[in-house]
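I opened the notebook for a look through this structure. My entries below are short, and I kept them in the order I made them.

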Amino acid sequence: MAQPVPVLLWAWGTLTALAGAAQGSFEVSVSPEAAVVEHGGSVWINCSTTCRDPGASGGLETSLIKTDRKNGSSWVAFRLLNIKEWASSPQCYFTCNGNIKLVTANISAYRAPERVVLEPLPEMELGQAYNVMCRVLNVAPVTHLTVTLRRGGETLHTETFQNHTGTGPDDITVITEITPQRSDHGQEITCHTALDLHGSHFENSSSAVELKVYGAAQGSFEVSVSPEAAMVEHGGSVWINCSTTCQVPGASGGLETSLIKTDRKNGSSWVAFRLVNIKEWASSPQCYFTCGGTIKLVTANISAYHGPRMNDSGCPREWIWKEGTEQTFSCLAQGNPAPAVECMKDGVPVSIGVQRQVRREDAGTYHCKASNAHGSASRDVTVQVEYLNIVVLTLGLVGAAAVLTGLGVGGYMYYRSTRI
């Protein structure tokens, strides 16, 4: 504890108070007013005054170790080090025109918990009450300590210690009672501490202890699969891991699937298989576990993918149409997910799968492109349009008529010549 200001100094201040009032008032201040320091640490204390007397003098009365004095015209500062008093109150003072004034700072030394220990818990019987015990070792000041016990994210118990006596470090034990239910099986219990000191906050926590509830595993166990959904390249492979919360010895699990299983691995509560050469576009293998005679299943979803592919069956390279007929321009691509197909002629988009009447200008080369998230493919499609050429037809008819006329005339002349 801080030593009192010497009696002579106190008496001097009392006797000269009236005289000081006559010569003008002044103030004395300290910074920081309240300090939190780790046990054995150090802090600077600054004493300052509003006194204008050139001969004003000040200092710091304390039982702590003072070093590294610094001062100016209206201030003086000291470094207090190796602070091992848990609570101390150093006093700044200044003498101004024969008057003396004092102001007190409050220094608290703290020690974060050396350890936060959650005692091990036995395997618990369903519905029976058990004590959960947390020990906080070598912490100070205890009056500023808060201890919280949690189950998962739920607060089970919170305790504070404002009525604790003593300022030094101490060991604290907090106990709360729980009655485990089925849903508690596999939950984690943790112990958390907080020291709240004049705006400074220090936290710590224990390692987690898992609750094991006897009789809960058989009726309340879970089966999980990882990954729950997988996207695999067509013909590729993937590992499927099945796990369980079952605690019954002898629990067994596996994977039901139409896919090829290889490279089995397993542990006490899990089993994994490698599925290879996956060519089913969509498949749903099922993880299962048997626990105490009860079977539970969970399904994974596997999708096979590949980039777009274009072939003659879906997108022929050549179409031959007759002018005036009804035709449908078709170009399809394979892929997963289904590719989007776009075709263009002379830079203009063409409708795919829409029936239309064929015109001569439909002839030409169509540039088609299929794309999905895994790539793209393209090909050129040629369209030929057959039509009747009027000029050629007319010339042909004229020629045919001329031939027929010539034949007729020749025949007639021959006929006459033979009659004569």
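What follows are my notes, topic by topic, on a predicted model.

**Entry 1: the overall count**

I began with the secondary structure and found four helices and 38 strands in the protein. Next I looked up burial: of the 420 residues, 32% are buried. I also checked how far apart in sequence the contacts reach. Among contacts with a separation of 6 or more, 63% are between residues 24 or more positions apart.

**Entry 2: a five-stranded sheet**

Which strand order does the open sheet of five strands have? I read it as 31-38-37-34-35, and the pairing is mixed. Strand 31 (318-322) and strand 35 (348-350) are the edge strands; each has a single partner strand, so one side of each lacks a neighbour in the sheet. I noted the twist too: neighbouring strands of this sheet are turned by 30 degrees against each other on average, direction ignored.

Then I followed one edge inwards. Strand 31 pairs with strand 38 (residues 375-386) in the parallel sense, over five bridges. For I320 I looked up the bridge partner in strand 38, and it is Q384.

**Entry 3: aromatic rings**

I counted three aromatic pairs in the structure. One of them is W319 with W321, a tilted pair with 6.0 Å centre to centre and 45 degrees between the planes. The angle earns the label tilted because it falls between the limits of 30 degrees for stacked and 60 for edge-to-face. Is W321 buried or exposed? W321 has 2% relative accessibility, so I put it down as buried.

While on rings, I searched for charges over them. K66 has its charged end over the ring of F78, 4.9 Å from the centre. I found another case in K261, which lies over the face of F273 at 4.9 Å from the ring centre.

**Entry 4: D362 and its surroundings**

I stayed a while with D362, which is in the loop between strand 36 (355-357) and strand 37 (364-372). Why does D362 count as buried? Its relative accessible area is 5%, and the label applies because that is under 20%. The side chain of D362 comes to 2.9 Å from the backbone nitrogen of R359. Leaving out residues up to four places away in sequence, I listed what D362 touches: K345, R356, Q357, V383 and V385.

**Entry 5: a hairpin**

Strand 17 (residues 188-197) and strand 18 (residues 200-205) pair in the antiparallel sense over six bridges. I picked out T193, whose bridge partner in strand 18 is N204. The two strands form a hairpin with two residues between them. In the turn, H198 has a positive phi of about 50 degrees.

**Entry 6: backbone angles worth a second look**

A reminder to myself: most residues other than glycine have a negative phi, and most peptide bonds are trans. With that in mind I went through the exceptions.

D263 has a positive phi near 55 degrees. I located D263 in strand 25 (residues 260-266), and at 42% relative accessibility it counts as partly exposed. N277 has a positive phi as well, near 50 degrees. N277 is in strand 26 (residues 270-278) and is partly exposed at 39% relative accessibility.

Where did I find cis peptide bonds? One joins A140 and P141, with omega about -10 degrees; P141 is in the loop between strand 13 (130-139) and strand 14 (145-151). Another runs from S226 to P227, with omega near 0 degrees. I placed P227 in the loop between strand 21 (223-226) and strand 22 (229-233).

**Entry 7: two loop residues**

Q247 belongs to the loop between strand 23 (236-244) and strand 24 (252-256). Its relative accessible area is 39%, so Q247 goes down as partly exposed. I also looked up the C-alpha distance from Q247 to Y214, which is 33 residues away along the chain, and got 8.9 Å.

N97 is in the loop between strand 8 (91-96) and strand 9 (99-104). With a relative accessible area of 31%, N97 is partly exposed. The C-alpha atoms of N97 and R52 are separated by 9.1 Å, with their positions 45 residues apart along the chain counted as the separation.

Terms used:
Residues are numbered from 1 along each chain as its sequence is written. This is a predicted model: local features need pLDDT of at least 70, side-chain atom pairs count only at pLDDT 80 or more; totals for chains, interfaces and linings use all residues. Side-chain values use heavy atoms; hydrogens and water are left out. Rings of Phe, Tyr and Trp (its six-membered ring) pair if their centres lie within 6.5 Å; planes under 30 degrees apart count as stacked, over 60 as edge-to-face and the rest as tilted. Buried means under 20% relative accessible area, exposed over 50%, partly exposed in between (1.4 Å probe, protein chains only). A charge sits over a ring if NZ of Lys or CZ of Arg is within 6 Å of the ring centre and within 35 degrees of the ring normal. Two strands pair if DSSP finds at least two bridges between them. Axes are lines fitted to C-alpha atoms, for helices over the stretch in contact, and angles run from 0 to 180 degrees between N-to-C directions. A polar contact is a pair of N or O atoms within 3.5 Å; within protein, one must be able to donate a hydrogen and the other to accept it, and residues adjacent in sequence count only if both atoms are side-chain atoms. Contact means heavy atoms within 4.5 Å.
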